[in-house]
Amino acid sequence: MSKVENQVRVGITIGDPNGIGIETILKVFADQRMNEIVLPIIYGNTDILRFHRKVLDMGDVRLNSTSSAEEVNPKKINVVNVWDDKWEPTLGSPDKEAGAYAFKSLKAAVDDLASNKIDVLVTCPINKDTIQSDEFNFPGHTEYLASMANVEESLMFLVSDRMRIGVATGHVPLKDVSANLTKESIIKKLRLMHESLQRDFGVNRPKIAVLGLNPHAGDNGLLGTEELDIILPAIREVENEMFVKGPYGADGFFGTAAFQQFDGVLAMYHDQGLAPFKALAFDSGVNYTAGLPIVRTSPDHGTGYEIAGKGQANEGSLRAAIFTAIDVYKYRKVYREMTANPLR
């Protein structure tokens, strides 16, 4: 069956099948109104989704088992069977087999995205340890997708209806953050954020804030010199091409709600950005990968092993990730039309 005209083909990976990813998928699409705008295509295995459905007592959620994203039912949750192995999850337990199946799901979805069989990609949480293999040797989804797209620079961009926060160094140990910060790398992230805000989120003239690395943004060199030597020079170099201010001390910046005055915030390291973001938007936040030719989002939480199979997982972040992917997909179409050269 072909898709309904206004549906967007959303490819969704199951993530770690021992975690809460599948539970959130089932909960999101238990609301049949989702099918009015979403054509869901889940990459995994029907038996595993049925296992979770039984554990959660959600038998009324209808699944359509298929071998191809081109053979889908627009009124059901379509499950593309990526493997035929008989394997039963051990909920709440990390193991290498679960990691291997998480990668199979991801690889199949990425291949179909490249073949234009789906419009956007939404990834459920993986265990970054158990998924490691000869084929997946990356810190996370962001780096893997950038590699598959042959993109040198991408931006981990956490978005919600309250704030948008990117990180300059991503999945880097805290002890290595300073060594990974350069004027050039910050400039690249700022340009990626600026372009994404315009192309992906429809912000015509983005206002961007940059956080300092050290307490109180270094206190003019008293508590560290990265602000004076690296961050401020990067801001100065691009301030003629975009609206950018900083560096701001992170504690006061979030404590005074100054983030509400900006369209995007560039944090220097992972937890500096993600800790306040998740504190304010955990159930509705979305992890978006900016700078890729494709549209990819994910919920902003992890595998949730401690509540897997208990029916306690909140599906709000996954729902928001799906809606964000659709919004970005549509914004990009409008942006292409607005910036196309009308002259032949």
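**Reading a predicted fold, step by step**

Me: I have found Phe51 in helix H2, which covers residues 46–55. Which residues does Phe51 touch, not counting those up to four places away in sequence?

Reply: Good place to start, and keep in mind that this is a predicted model. Contact here means heavy atoms within 4.5 Å. By that test, Phe51 touches Glu88, Pro89 and Leu91, with residues up to four places away in sequence left out.

Me: How many residues apart in sequence are Phe51 and Glu88, and how many Å apart in space?

Reply: They are 37 residues apart in sequence, yet their C-alpha atoms are 7.6 Å apart in space. You can look at the whole chain in this way too: among contacts with a separation of 6 or more, 74% are between residues 24 or more positions apart.

Me: Let's step back, then. How many helices and strands does the protein chain have?

Reply: There are 10 helices and 12 strands in the protein chain. The radius of gyration is 21 Å, close to the 20 Å that the globule rule gives for 344 residues, so the chain is as compact as a globular protein of that length. For another view of the overall dimensions, the C-alpha atoms fill a box of roughly 60 × 55 × 40 Å along the principal axes.

Me: Next, burial. What share of the 344 residues is buried?

Reply: A residue counts as buried if its relative accessible area is under 20%. Buried residues make up 55% of the 344 in the protein chain. What the chain does expose comes to about 15700 Å², and carbon and sulfur atoms supply 47% of that area.

Me: Is Tyr144 buried or exposed?

Reply: Tyr144 has a relative accessible area of 3%, so it is buried. You will find Tyr144 in helix H4 (residues 141–148). Beyond its neighbours within four places in sequence, Tyr144 is in contact with Phe103, Leu106, Lys107, Val110, Glu135, Phe136 and Phe138.

Me: And Ser196, buried or exposed?

Reply: Ser196 counts as buried because its relative accessibility is 1%. Ser196 belongs to helix H6 (residues 183–199). Leaving out residues up to four places away in sequence, Ser196 touches Phe157, Phe201, Tyr288 and Ala290.

Me: Now strands. Which way do the side chains of a strand point?

Reply: In a regular strand, side chains alternate between the two faces of the sheet. Try strand E2 (residues 38–44). Val38, Pro40, Ile42 and Gly44 point one way, while Leu39, Ile41 and Tyr43 point the other way. In E2, 7 of the 7 residues are buried, so this strand is largely enclosed by the rest of the structure.

Me: In what sense do strand E1 and E2 pair?

Reply: Strand E1 (residues 8–13) pairs with E2 in the parallel sense, over 6 bridges. To find the match on screen, look for Ile12, which stands opposite Ile42 in E2.

Me: In what sense do strand E6 and strand E7 pair?

Reply: Strand E6 (residues 155–159) and strand E7 (residues 164–167) pair in the antiparallel sense over 3 bridges. They form a hairpin with 4 residues between them, and Val159 has Arg164 as its bridge partner in E7.

Me: In what sense do E7 and strand E10 pair?

Reply: E7 pairs with strand E10 (residues 264–267) in the parallel sense, over 3 bridges. Here Ile165 has Val265 in E10 as its bridge partner. So E7 is a good strand to practise on: it pairs in the antiparallel sense with E6 and in the parallel sense with E10.

How values were computed:
Residues numbered from 1 in each chain as written. Predicted model: local features only at pLDDT ≥ 70, side-chain atom pairs only at ≥ 80, totals over all residues. Heavy atoms only, no water. Helix = DSSP H or I, 4+ residues; strand = E, 2+ residues; numbered from the N terminus. Rg over C-alpha atoms; globule rule 2.2 N^0.38 Å. Buried < 20%, exposed > 50% of the residue type's maximum accessible area, 1.4 Å probe, protein only. Areas by Shrake-Rupley, 256 points an atom, 1.4 Å probe, with all protein chains shown as cover. Pairing = 2+ DSSP bridges.
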